[in-house]
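Please open the model in your viewer and keep the sequence panel beside it. We will go from stop to stop, selecting a few residues each time and saying what can be found there.

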Amino acid sequence: MIHAVLIFNTSGAVRLTRFYTQTPHEERTALPKKIFQLVSTRPSGLCNFLDAPELRLSFGNKNDELRVVYRCYATLYFVFVVDGGESELGMLDLIQVFVESLDRAFESVCELDLVFHFDEVHYILSEVIQGGLVLETNVDQISLAVKESRRARKTSEANANPLSLGIGTVSLTKGMNLGWFGR
């Protein structure tokens, strides 16, 4: 099971957190710092997953092995905290799917996209993972769902405010005598 997904930059600033297991609020704020310390101090030549026994109590798992699987792209770390039942290589592949989906949605994703479009990033993540379980791994299907969501949101916004797209301005003045205007 996937217990958490985190994204932070190389300075340790958190850009996304999603927890799939119940954790106390104090732990939710402390965990990104702990995980950043684990990941950022590792030399680049080592593998991208590590055992993290110090995180067991944070997630309430006293018996399960917890592993941190991460990947660094440019200035961003994508981190998954998983239990021993998940394949590390499968999680690295899932990180790749998530990043490719973000890249398609934002056309060369960068840190600012994560900051200013956090709602869309969370939506893309929820297309990939729900409840700590992998939902979809096909990047084309994820991109299609994101495009449909954007289209539905635009349609909803246009229907909610007919003046936003210029619809309705003609109907407001149609049939009115505006001869007095401009005198």
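The tour below starts with the whole chain and then moves to a helix, several charged pairs, a surface patch and the cysteines.

**The whole chain**

Begin with everything selected and coloured by secondary structure, keeping in mind that this is a predicted model. You should find six helices and seven strands, and if you trace them along the sequence they come in the pattern β-β-α-β-β-β-α-α-α-β-β-α-α. The chain has 183 residues, of which 37% count as buried. When contacts between residues at least 6 apart in sequence are considered, 49% of them join residues at least 24 apart. If you now switch on the surface, its accessible area comes to about 10,800 Å², with 53% of that belonging to carbon and sulfur atoms.

**Helix 2**

Next, select residues 88-106, which make up helix 2. At 1.5 Å a residue, its 19 residues should span 27 Å, and the C-alpha atoms at its ends are indeed 27 Å apart, so the expected and computed spans agree. Show the side chains and look for the buried ones, among them Met91, Leu92, Leu94, Ile95, Val97 and Phe98; Glu88 and Ser101 also belong to the buried residues of this helix. Then step just past the end of helix 2 to Glu107, where the backbone takes a positive phi of about 55°.

**Charged pairs**

The structure holds eight salt bridges, and three of them make good stops. For one of them, select Arg104 and Asp140, whose closest N and O atoms are 2.5 Å apart. Arg104 lies in helix 2 and Asp140 in helix 5 (residues 139-160), so this pair ties together parts of the chain that are 36 residues apart in sequence. Both ends are partly exposed, with a relative accessibility of 44% for Arg104 and 47% for Asp140.

Now select Glu120 and Arg150, whose side chains meet in a salt bridge at 2.6 Å, N to O. This pair also links distant parts of the chain, since Glu120 is in helix 4 (residues 118-128) and Arg150 is in helix 5, 30 residues apart. Is each partner buried or partly exposed? Glu120, at 10% relative accessibility, counts as buried, whereas Arg150, at 27%, counts as partly exposed.

Move on to Arg67 and Glu65, which form a salt bridge with their closest N and O atoms 3.0 Å apart. Arg67 is buried, with a relative accessible area of 16%, while Glu65 is partly exposed at 39%. Add Asp51 and Glu88 to the selection, and you have the four residues that salt bridges with shared partners join into one network.

**A nonpolar patch**

Return to the surface view and select Leu112, Val115 and Phe116, which form a nonpolar patch with about 310 Å² of accessible area together. Val115 is found in helix 3 (residues 111-116), and at 34% relative accessibility it counts as partly exposed.

**The cysteines**

Finally, select Cys47, which is partly exposed with a relative accessible area of 39%, and then Cys110, which is partly exposed at 34%. How many disulfides are there? The count comes to zero, where a disulfide would need a pair of cysteine sulfur atoms within 2.5 Å.

Key:
Residues numbered from 1 in each chain as written. Predicted model: local features only at pLDDT ≥ 70, side-chain atom pairs only at ≥ 80, totals over all residues. Heavy atoms only, no water. Helix = DSSP H or I, 4+ residues; strand = E, 2+ residues; numbered from the N terminus. Buried < 20%, exposed > 50% of the residue type's maximum accessible area, 1.4 Å probe, protein only. Contact = heavy atoms within 4.5 Å. Areas by Shrake-Rupley, 256 points an atom, 1.4 Å probe, with all protein chains shown as cover. Patch = residues over 30% accessible without salt bridge, like charges linked within 9 Å, V, L, I, M, F, W, Y side chains within 5 Å. Expected span 1.5 Å × (residues − 1).
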